[in-house]
Amino acid sequence: MAHKSYQRVVVIGDGGWGTTLAMLLHKKGVRVTLWSAFPEHVAELQKHHENRRFLPGVKLPEELLVSADPFEAARGAELAVSVVPTQYLRKVAERFEDALAGEVPVVSATKGIEIETFKTPSEILAEVLGGRPIAVLSGPSHAEEVAIGLPASVVVASTDENLARAAQATLSSENFRIYTHNDPKGAELGGALKNVIAIAAGISDGLGLGDNAKAALLTRGIVEMARFGQAHGARSSTFFGLAGLGDLATTCYSRHSRNRHVGEEIGRGKSLEKILAEMQMVAEGVWTTRALFGPESEARGIPMPIAEQVNAVLFEGQDPRKAVSELMGRELAGEMDGLGRA
């Protein structure tokens, strides 16, 4: 059975992933406009037909529409795809509050948690843009690979089945397979929390702790993620699918992973401030960690020892090797203690 497919789309956010999704849509014949917050970057994209800042080496279609004007970019759009880093999302969404027609649904492709409010990207969008249908796109999908046609599979999750199926039909392509899912909370939390575990995996790499230690971090990390998700209304089973385990594996092992890179550099002795100053793109796991253990945190009372040690290393001056000792010296327990069947 064929499902509705959107023919006019605005992609909000000119980073690597936003640019990649705009390219995929354009290739399918969808009329798509890529919106950037920066007029000077729009000029660069139009001149070079390449996103040299965030997706270097990938040629953009010359016909791809790019704009820094929210009203121009959203004019006639049937669907909006939001790909803005979480800590900037609220201000960007406010710029589209009047530009985006009230009935236009949104697919959120951002992974993170807002530090000040502890809200997920879809919750921020719903709060700013009103009660329109919203879906979450998440899973193992490094832009550097998807942009050059390497195969990837992700999920689009929504409580609105019609939106999930329409977004699936619109965004799926020959090498980009999308599954629908009805647990957007789980999909969204999986995409945020895996970045914290990826920093831990990078620290392990930087310290040279080996494959056994890294495998243990991933396995115990997914339990922490599922435990947290279950406590916040998500299904624990979601974390063992593409939006959880799949995304976690990619982020912890890939050379493209910004979060793993941050951890690896810390393991080698570099300061967080220096690492972030040298990066062009955002490592969401740093800010998700801060949100998890900040004043609005909802992590209290949930056993998350790996995430706790990542926070201690990033923000409390904990020595990475001491963090490893703390994890290894915890009280012995059963493997699935504290993880229910929800």
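Contact here means heavy atoms within 4.5 Å. The structure is a predicted model, and two parts of it are described below: the surroundings of strand 6 and the packing of helix 13 with helix 14.

**Helix 13 and helix 14**

In helix 13 (residues 284-292) and helix 14 (residues 305-315), the axes come within 10 Å and cross at roughly 105 degrees. Because angles of 65 to 115 degrees count as roughly perpendicular, helix 13 and helix 14 are roughly perpendicular to each other. On the side of helix 13 the contact is made by Val286, Thr289, Arg290 and Leu292, which meet Ala307, Val310, Asn311, Leu314 and Phe315 in helix 14. Sorted by class, this contact of helix 13 with helix 14 has six nonpolar, two polar and one charged residues.

**Strand 6 and its partners**

Strand 6 (residues 79-82) directs Leu79 and Val81 one way and Ala80 and Ser82 the other way, and all of these residues are buried. Strand 6 pairs with strand 1 and with strand 7, as the table sets out.

| Partner of strand 6 | Sense | Bridges | Residues standing opposite |
|---|---|---|---|
| Strand 1 (residues 8-12) | parallel | four | Val10 and Ala80 |
| Strand 7 (residues 106-108) | parallel | three | Val106 and Ala80 |

Ala80 thus appears in both pairings, standing opposite Val10 in strand 1 and opposite Val106 in strand 7. The link between strand 6 and strand 7 includes helix 4 (residues 86-95), and strand 6, helix 4 and strand 7 together make a right-handed β-α-β unit.

Conventions: Residues numbered from 1 in each chain as written. Predicted model: local features only at pLDDT ≥ 70, side-chain atom pairs only at ≥ 80, totals over all residues. Heavy atoms only, no water. Buried < 20%, exposed > 50% of the residue type's maximum accessible area, 1.4 Å probe, protein only. Helix = DSSP H or I, 4+ residues; strand = E, 2+ residues; numbered from the N terminus. Pairing = 2+ DSSP bridges. Right-handed = clockwise from strand over helix to strand, strands pointing away. Axes fitted to C-alpha atoms, helices over the stretch in contact; angles between N-to-C directions. Parallel < 35°, antiparallel > 145°, perpendicular 65-115°, else oblique. Nonpolar A, V, L, I, M, F, W, Y, C, P; charged D, E, K, R; others polar.
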